[in-house]
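Have a look at the model below. We'll walk through its two ligand sites, then stop at a helix and a loop.

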Amino acid sequence: MTRKELFKNTLRKSVHAWKLINELPLSDDESLMLRHFMDQPGFLDLHWRMFVPAIKGQGTEEQKQKWLPLANKMQIIGCYAQTELGHGSNVQGLETTATFDPQTDQFILHSPTQTSSKWWPGGLGKVSTHAVIYARLITDGKDHGVHGFIVQLRNMDDHSPLPGITIGDIGVKFGNGAYNSMDNGFLMFDKFCIPRDQMLMRLSKVTREGKYVPSDVPRQLMYGTMVSVRQTIVSNASIAMARAVCIATRYSAVRRQFGSQNGGIETQVIDYKTQQNRLFPLLASAYAFRFVGEWLKWLYTDVTQRLEASDFATLPEAHACTAGLKSMTTSATSDGIEECRKLCGGHGYLWCSGLPELFAVYVPACTYEGDNVVLQLQVARFLMKTVSQLGSGKAPAGTTAYMGRAKHLLQCRSSIRKAEDWLNPAMVLETFEARALRMAVSCANNLSKFENQEQGFSELLADLVEAAIAHCQLIVVSKFIVKLEGEIKGKGVKNQLKNLCYIYALHLIHKHLGDFLSTNSITSEQASLANHQLRSLYTQVRPNAVALVDAFDYTDHYLGSVLGRYDGNVYPKLFEEALKDPLNDTVVPDGYHEYIRPLIKQHLRSARL
Ligand SMILES: CCCCCCCC/C=C\CCCC(=O)SCCNC(=O)CCNC(=O)[C@H](O)C(C)(C)COP(=O)(O)OP(=O)(O)OC[C@H]1O[C@@H](n2cnc3c(N)ncnc32)[C@H](O)[C@@H]1OP(=O)(O)O
Ligand SMILES: Cc1cc2nc3c(=O)[nH]c(=O)nc-3n(C[C@H](O)[C@H](O)[C@H](O)COP(=O)(O)OP(=O)(O)OC[C@H]3O[C@@H](n4cnc5c(N)ncnc54)[C@H](O)[C@@H]3O)c2cc1C
């Protein structure tokens with residue numbers, strides 16, 4: 001499809017999905033699943049996952065009563081317009097202004113520079129009638145920082161931009177289809193006025209007289225919509241990873257190369273240890289991210305309930321966990337999808353393998369909802385704060401509770417003696433805890449050598465990110481172990497999940513061996529025992545690998561992959577797909593008479609001479 005066709009087709013699908021949601025009717029959770037099976041980025045994502053939650057989280061009761069019924073019935077369509085051309089990560093650096101005019105009781109929205117143009121918001125370019133706009137609030141010449149405003153963008157009769165608004169699509173993005181179904185947009189305000197009651201005023205207010213009344217709750221609640229979406233992105237990472245792994249695993253069982261003895265059949269590539277060493281940790285990750293995603297959903301629900309009761313104690317941890325796990329799981333999934341493409345050899349590069357499109361549509365998850373490095377630095381800040389409070393009498397809680405055992409974890413030596421010890425959950429956990437804590441403490445010690453903490457933080461950014469990743473990996477491993485300790489239905493399922501859990505943990509040890517050795521969390525002998533155990537786990541997973549991806553229950557239609565077909569009938573279907581290509585519509589291609597023939601004839605002439 002051309003971009004215009006793709007965009008229009010996505011509108012068609014979105015509206016059809018909305019019709020089904022109402023007719024069937026579907027619950028909120030089911031509606032999200034329908035969006036998932038629609039399988040194309042579109043304006044509904046931003047309307048439901050960001051615009052509506054932003055109003056719910058930051059609007060007053062009155063504002064919610066006014067706007068939510070309209071949004072819930074989709075009589076208005078909204079997006080989340082925070083990022084600007086010049087600033088995305090640095091939200092406090094946004095430039096759009098919302099200046100209160102006491103004469104008219106209005107805010108004047110203005111884009112003072114080119115870099116202040118809103119740039120990227122999904123659904124903004126062509127669809128949304130409204131947006132939650134983030135802009136600097138100015139009253140009486142004073143800048144109060146960034147706040148949210150509900151703004152109508154387009155005329156409700158003919159969809160034209162309202163006077164004072166310049167709006168459009170930012171252009172083609174990575175890949176052919178992929179994220180191009182979405183109208184990521186730009187927007188500039190030229191002294192555009194909105195009524196005062198369209199500032200989202202649950203957190204702070206501007207009175208009729210123009211007095212700014214700051215909030216008595218943490219200002220970070222303004223970032224609540226991002227926390228909510230980051231949480232869902234973690235579960236989505238599992239879905240995307242599982243999809244790629246399903247394709248690569250099924251195809252690896254079908255594909256044969258080398259190893260034929262006396263004209264017999266060749267070896268299935270899934271039987272090569274190198275293939276297993278690349279594939280099975282990704283299979284394990286798909287399961288691991290699912291379990292950590294379930295836990296994160298619980299954590300998010302818990303913090304939301306606490307916030308409603310004005311208990312802000314767990315907000316920093318919820319922020320650190322959602323930011324860090326969003327970052328870690330999306331980076332691993334993007335890399336994992338690309339690895340699955342390579343695991344499928346040359347055919348993985350064909351569009352009909354389903355992998356190029358999956359990669360192209362998935363990879364911006366490393367950037368949107370917070371650049372992955374910037375987010376790990378938030379985790380690092382949280383860890384440095386926690387380390388600095390050790391010994392102050394305030395016991396670390398939640399995912400940092402292990403830091404409370406710092407005295408032991410800083411000096412303990414791993415008691416792994418034989419390969420099977422690596423299947424002991426307590427020993428594995430202690431290894432990850434020791435590594436994470438020692439990395440964090442080492443950063444804190446290095447930081448303390450700087451007179452200026454901010455300068456020290458800047459100098460140590462790379463180490464800090466690694467410490468944050470170590471902490472996040474510990475969370476994922478520990479939640480997988482917790483899952484195994486709970487009730488698991490199905491004969492033999494627990495054993496399979498156990499294998500995957502230890503593959504997940506041990507492959508991380510192998511991958512980050514430098515960390516584990518340099519922190520003395522393990523010795524090189526223990527590392528080689530871990531590798532030995534890992535190989536043994538691969539052998540145990542091998543006979544069940546296809547069943548473990550079938551368990552994701554993805555239909556062929558959803559997978560959209562000739563290589564990942566359930567029936568394994570890959571080769572005839574590759575031919576069928578090839579023959580569908582428009583280039584094969586004619587035997588002699590367009591351009592033959594114009595370019596190929598004259599070229600060949602010229603050679604023939606010179607040959608005769
Ligand atoms: C089927 C598929 C469906 C997929 C579903 C997805 C659908 C949507 C898809 C795509 C949509 C994409 C939408 C977007 O991208 S919207 C824009 C997202 N933008 C960002 O994420 C920006 C990232 N930047 C930030 O979040 C912040 O600016 C920051 C990096 C966190 C820094 O903020 P700030 O400068 O204010 O903060 P400080 O570093 O000074 O920290 C101050 C203290 O605040 C704490 N903090 C920061 N953020 C939060 C938060 N969210 N919640 C709670 N607390 C927070 C921080 O830790 C500091 O605390 P301290 O105690 O140290 O003072
Ligand atoms: C597909 C897609 C959809 C999007 N949808 C929306 C939307 O609906 N609404 C919306 O408002 N926005 C949206 N965005 C914007 C998105 O949220 C931002 O692009 C994102 O937050 C990253 O910000 P940035 O582009 O400013 O990156 P930058 O911050 O400019 O990052 C550039 C590089 O600088 C590094 N860097 C930046 N700051 C630091 C630091 N402090 N320390 C170390 N390194 C640093 C980063 O790691 C990165 O390598 C979308 C983006 C994409 C790609």
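Let's start with ligand 1: one of its nitrogen atoms is 3.3 Å from an N or O atom in the side chain of Gln82. That pair is a polar contact, meaning N or O atoms within 3.5 Å of each other. Before going on, note that this is a predicted model, where local features need pLDDT of at least 70 and side-chain atom pairs count only at pLDDT 80 or more, while totals for chains, interfaces and linings use all residues. Residues are numbered from 1 along each chain as its sequence is written, chains are lettered from A and ligands numbered from 1 in the order in which they are written, and side-chain values use heavy atoms, leaving out hydrogens and water.

Here are more polar contacts from both ligands:

| Ligand atom | Protein partner | Distance |
|---|---|---|
| ligand 1, nitrogen | Ser89, backbone N or O | 2.8 Å |
| ligand 1, oxygen | Gly370, backbone N or O | 2.9 Å |
| ligand 2, nitrogen | Thr83, side-chain N or O | 2.7 Å |
| ligand 2, oxygen | Gly122, backbone N or O | 3.0 Å |
| ligand 2, oxygen | Asp371, side-chain N or O | 2.6 Å |

On its own, ligand 2 has 970 Å² of accessible area, and the protein covers 65% of that; the areas come from the Shrake-Rupley method with a 1.4 Å probe. Around ligand 2 sit 21 residues, counting those with a heavy atom within 4 Å. Helix α9 (residues 372–388) gives the most to this shell, with 3 residues.

Back at ligand 1, 27 residues surround it, and Ser89, Gln92, Gln220, Tyr223 and Lys385 are the closest. Its shell takes at least two residues from each of α3 (43–58), α5 (224–254), α7 and α9. The largest share, 4 residues, comes from α5.

Now for helix α7 (residues 315–343): how far apart should its ends be? Its 29 residues should span 42 Å at 1.5 Å a residue, and the end C-alpha atoms are 41 Å apart, which agrees. The expected span is 1.5 Å times one less than the number of residues. Just after α7, Gly345 takes a positive phi of about 60 degrees.

Finally, find Ser414 in the loop between α10 (406–411) and α11 (425–448). Is Ser414 buried or exposed? Ser414 is buried, as its relative accessible area is 13%, and buried means under 20%. A polar atom of the Ser414 side chain lies 3.3 Å from the backbone nitrogen of Ile416. Leaving out residues up to four places away in sequence, Ser414 touches Thr431, Ser521, Ile522 and Gln526, with contact meaning heavy atoms within 4.5 Å.

Methods: A polar contact is a pair of N or O atoms within 3.5 Å; within protein, one must be able to donate a hydrogen and the other to accept it, and residues adjacent in sequence count only if both atoms are side-chain atoms. Buried means under 20% relative accessible area, exposed over 50%, partly exposed in between (1.4 Å probe, protein chains only).
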